[in-house]
Amino acid sequence: LICVTPTGWGANQVVSYTFEAAQGGTDAGEKNSDKTVYYKLHNVVNAADAVPFVFAMQPLDGLIGACIDDLRALYPEKRFILRGAATLSCDRMWLTEAIGNLLKNACEHTVADGTVDVSLEQTARSVFVTVQDNGGGVPDALLPRLFHRFVTSDSAAPSNTGIGLAISRAIVERHHGSIEAENTAGGLKVTLCFPVLDSALLTKL
């Protein structure tokens, strides 16, 4: 199976298109087949390599602030904190998808009035984005596989496909960045690190 999407579609449309396709099938035998869902969702991550990225300088505090605004409607009792500022050459649409997945994951693994704390830091050579929640973390054994496809924790909602964090990793890596997770005293902490590179250079890499 190959993920084929209409020209010009963005990250959210690619993900939505592929997930909806996974819910249906070409015939009654294929519809809702676990194997079919697995392979079709598998291709969502591949879309991050198949779709061209358009790099331009973006204020990350504005990008992440917009993600938070979208999530407030879904999680009205959640406490969101955004600290710091940074500017990065990135594909705004795809990076919004990556960070939005991380924020949504944090929301899903904290209590209704839990806290999602995002911090930004910029140095001469790197940009750091940290997402910290107070949901108690994940089992230590799960940490090395947290960004693998179809990996979910025991506390995950039944509708959780285990694909969101894998998509985030694929997008971050397309930005030549890295993503790591660790348990802290309060919950899970995810750190993204991006190199400070010129947009023209990123397009060629």
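The questions and answers below go through cavities, a helix, salt bridges and cysteines in a predicted model.

User: How many cavities of 30 Å³ or more does the count come to?
Analyst: Rolling a probe the size of a water molecule over the atoms shows where empty space is left. With a lower limit of 30 Å³, the number of cavities counted in this predicted model is two.

User: What is the volume of the largest cavity?
Analyst: The lining of the largest cavity includes L102, N105 and A106, along with V131, D133, L188 and V190. The volume of this cavity is about 40 Å³.

User: Which element gives the most to the lining of the largest cavity?
Analyst: L102, N105, A106, V131, D133, L188 and V190 line the largest cavity. Elements that give two or more residues to this lining are α4 (92–108), β5 (126–133) and β7 (188–195). With three residues, the element that gives the most is α4.

User: How many residues of the lining of the largest cavity are nonpolar?
Analyst: One residue of the lining is polar and one is charged. The number of nonpolar residues there is five.

User: Which residue with a positive phi follows α5?
Analyst: Helix α5 spans residues 164–174, and its buried residues include L165, A166, I167 and S168. A170, I171 and V172 of this helix are buried too. After α5 comes a residue with a positive phi, near 60°, and that residue is H176.

User: How many salt bridges does a search of the whole structure find?
Analyst: Side chains of opposite charge can pair when their charged atoms come close. One such pair is R72 with D69, another is R83 with D117, and E108 also pairs with K104. Over the whole structure, the number of salt bridges found is three.

User: Which helix holds both R72 and D69?
Analyst: The side chains of R72 and D69 form a salt bridge at 3.9 Å, N to O. An α-helix has 3.6 residues a turn, so residues three or four places apart point the same way. R72 and D69 are three residues apart, about one turn, in helix α3.

User: Is D69 buried or exposed?
Analyst: Its salt-bridge partner is R72, which is partly exposed at a relative accessible area of 40%. The cut-off for exposed is over 50%. The relative accessible area of D69 is 51%, so D69 is exposed.

User: How many residues apart in sequence are the parts that R83 and D117 tie together?
Analyst: R83 and D117 form a salt bridge, with the closest N and O atoms 2.8 Å apart. R83 lies in strand β2 (residues 79–83) and D117 in strand β4 (residues 115–122), so the separation in sequence of the parts tied together is 34 residues.

User: What is the relative accessibility of D117, which counts as buried?
Analyst: R83, the partner of D117 in a salt bridge, is partly exposed at 45%. Buried means under 20% relative accessible area. D117 counts as buried because its relative accessibility is 17%.

User: How far apart are the closest N and O atoms of E108 and K104?
Analyst: Both residues lie in helix α4, four residues apart, about one turn of the helix. E108 is partly exposed at 31%, and K104 is partly exposed at 35%. In their salt bridge, the closest N and O atoms are separated by 2.4 Å.

User: How many disulfides does the count come to?
Analyst: A disulfide is a covalent bond between the sulfur atoms of two cysteines. C90 is buried at 0% relative accessibility, and C107 is buried at 2%. With a cut-off of 2.5 Å between cysteine sulfur atoms, the number of disulfides is zero.

Technical notes
Residues numbered from 1 in each chain as written. Predicted model: local features only at pLDDT ≥ 70, side-chain atom pairs only at ≥ 80, totals over all residues. Heavy atoms only, no water. 1 Å grid on protein atoms, 1.4 Å probe; cavity = no way out; pocket = protein on both sides within 12 Å on 5 of 7 lines; lining within 4 Å. Points joined across faces, edges and corners; volume = space filled by probe spheres on them. Nonpolar A, V, L, I, M, F, W, Y, C, P; charged D, E, K, R; others polar. Buried < 20%, exposed > 50% of the residue type's maximum accessible area, 1.4 Å probe, protein only. Salt bridge = Lys/Arg side-chain N within 4 Å of Asp/Glu carboxyl O.
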